[in-house]
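Here's a walk through one protein model, written for someone who likes the cut-offs spelled out. Have the viewer open and follow along.

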Amino acid sequence: SVSLLLLAAFSGVLAAPALAQSVIGLPGLSQTSISNNGLAAGGQYVTGPSQTEAIFWNAATGLHPTGHQVNPNPPTGSFSGNGRYISESLTEIPNFRRAFRLSDQGELVIIPPLVNAAEESYVGGISDNGNVIVGESLYAGGLAVQAWRWTPSGGLQTLPFAGARAVSGDGNTIIGDTFTPNDAVLRNGVITQLPYVDDGTAGIRLATGYAVNFDGSIIVGQSGSHAAIWVNGQGSL
């Protein structure tokens with residue numbers, strides 16, 4: 001089985017001996033993310049053939065299965081920085097994959113469809129407080145893709161690109177897949193392109209963002225065939 005190891009309570013600098021550390025094994029967990037304080041995690045747990053369940057973990061109380069079956073394949077969803085919410089794609093109804101938000105208290109909110117009940121929807125990211133979720137919906141038999149943003153107060157809103165890869169912790173910056181070499185960056189309603197950083201190799205001059213920090217000032221991803229980081233819009237390999 002797949003195991004996740006959490007390294008908690010780190011004390012000292014990276015070059016120092018490993019003091020005051022503890023390693024916690026979480027057998028069977030996969031696609032797992034950890035909270036900002038390191039005391040909670042959320043992910044997936046294989047419960048049987050073709051059955052994958054959303055699960056919470058807490059440092060004080062251990063594993064908490066949710067009973068909700070989720071999509072085990074990418075894009076797999078996300079876990080809020082405050083440790084309270086899992087957001088993935090629900091699969092417990094046959095031929096039904098719909099994005100949802102699940103709290104550590106068991107409150108389930110299924111994100112509504114954009115077009116019709118037959119569409120599938122997937123999660124790209126969730127804000128730290130769990131109140132902004134971004135993702136994408138597939139409809140017209142999977143031939144059409146549309147990115148969206150969901151909030152409890154504002155509901156579902158379309159975004160000006162095909163898919164949503166990630167959202168910042170404060171919920172104000174979204175990385176979007178445009179189906180072109182350059183990903184989109186939507187920050188406070190203003191959209192720009194993620195600039196290509198020349199890696200000196202031939203091929204497609206792509207710039208792809210995979211994750212973003214709390215306030216959107218740092219994006220990490222790929223430029224050409226190399227890992228890249230953009231700080232306040234300035235990229236480096």
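Leaving aside its neighbours within four places in sequence, which residues is Asp177 in contact with? The answer is Phe161, Ala162, Gly163, Arg165 and Asp183, where contact means heavy atoms within 4.5 Å.

Before going further, some ground rules. This is a predicted model, so local features need pLDDT of at least 70 and side-chain atom pairs count only at pLDDT 80 or more, while totals for chains, interfaces and linings use all residues. Residues are numbered from 1 along each chain as its sequence is written, and side-chain values use heavy atoms, with hydrogens and water left out.

**The overall picture**

The protein has 0 helices and 22 strands. These elements are DSSP runs numbered from the N terminus: helices are H or I with at least four residues, strands are E with at least two. Buried residues make up 41% of the 237 residues; buried means under 20% relative accessible area, exposed means over 50%, and partly exposed lies in between (1.4 Å probe, protein chains only). The accessible surface comes to about 11700 Å², and 55% of that belongs to carbon and sulfur atoms; the areas come from the Shrake-Rupley method with a 1.4 Å probe, and for residues only the protein chains shown count as cover. Of the contacts with a separation of 6 or more, 35% are between residues 24 or more positions apart.

How confident is the predictor? pLDDT, its confidence in each residue, runs from 0 to 100. The protein averages 86, and 89% of the residues score at least 70. Among the elements, strand 20 (residues 218-223) has the highest mean pLDDT at 97, and strand 1 (residues 3-8) has the lowest at 48. Over residues 7-18 the pLDDT stays under 50, and the model has 12 contacts beyond four places in sequence for that stretch.

**The sheet around Asp177**

Asp177 is found in strand 16 (residues 173-177). That strand belongs to an open sheet of 4 strands in the order 15-16-17-18, with antiparallel pairing; two strands pair if DSSP finds at least two bridges between them. Strand 15 (163-167) and strand 18 stand at the edges with a single partner strand each, so one side of each is left without a neighbour in the sheet. The twist averages 30° from one strand to the next, using axes that are lines fitted to C-alpha atoms (for helices over the stretch in contact), with angles from 0 to 180 degrees between N-to-C directions.

Strands 15 and 16 pair over 4 bridges, and Ala164 stands opposite Gly176 there. Strand 17 (residues 184-187) and strand 18 (residues 190-193) also pair in the antiparallel sense over 4 bridges, with Ala184 opposite Gln193. The hairpin of strands 17 and 18 has 2 residues between the strands, and Asn188 in that hairpin takes a positive phi near 50°.

As for Asp177, its side chain reaches the backbone nitrogen of Phe179 at 2.9 Å. A polar contact is a pair of N or O atoms within 3.5 Å; within protein, one must be able to donate a hydrogen and the other to accept it, and residues adjacent in sequence count only if both atoms are side-chain atoms.

**A loop residue with partners**

Asn71 is found in the loop between strand 6 (62-69) and strand 7 (78-79). The Asn71 side chain makes a polar contact with the side chain of Arg97 at 3.4 Å. Beyond four places in sequence, Asn71 is in contact with Gln44, Glu88, Ser89, Thr91, Arg97 and Tyr122.

**Buried or exposed?**

Here is how some individual residues score.

| Residue | Location | Relative accessible area | Class |
|---|---|---|---|
| Asn71 | loop | 2% | buried |
| Asp177 | strand 16 | 16% | buried |
| Gln31 | strand 3 | 41% | partly exposed |
| Asn188 | loop | 59% | exposed |
| Ser153 | loop | 76% | exposed |

Gln31 has a positive phi of about 50° although it is not a glycine. Ser153 is in the loop between strand 13 (144-151) and strand 14 (155-158), and the Ser153 C-alpha is separated by 9.9 Å from that of Val132, 21 residues apart along the chain.

**The other four-strand sheet**

An open sheet of 4 strands has the order 19-20-21-22, again with antiparallel pairing. Strand 21 (residues 226-231) pairs with strand 22 over 3 bridges, and Trp230 stands opposite Gly235 in strand 22.

Methods
pLDDT is the predictor's confidence in each residue, from 0 to 100.
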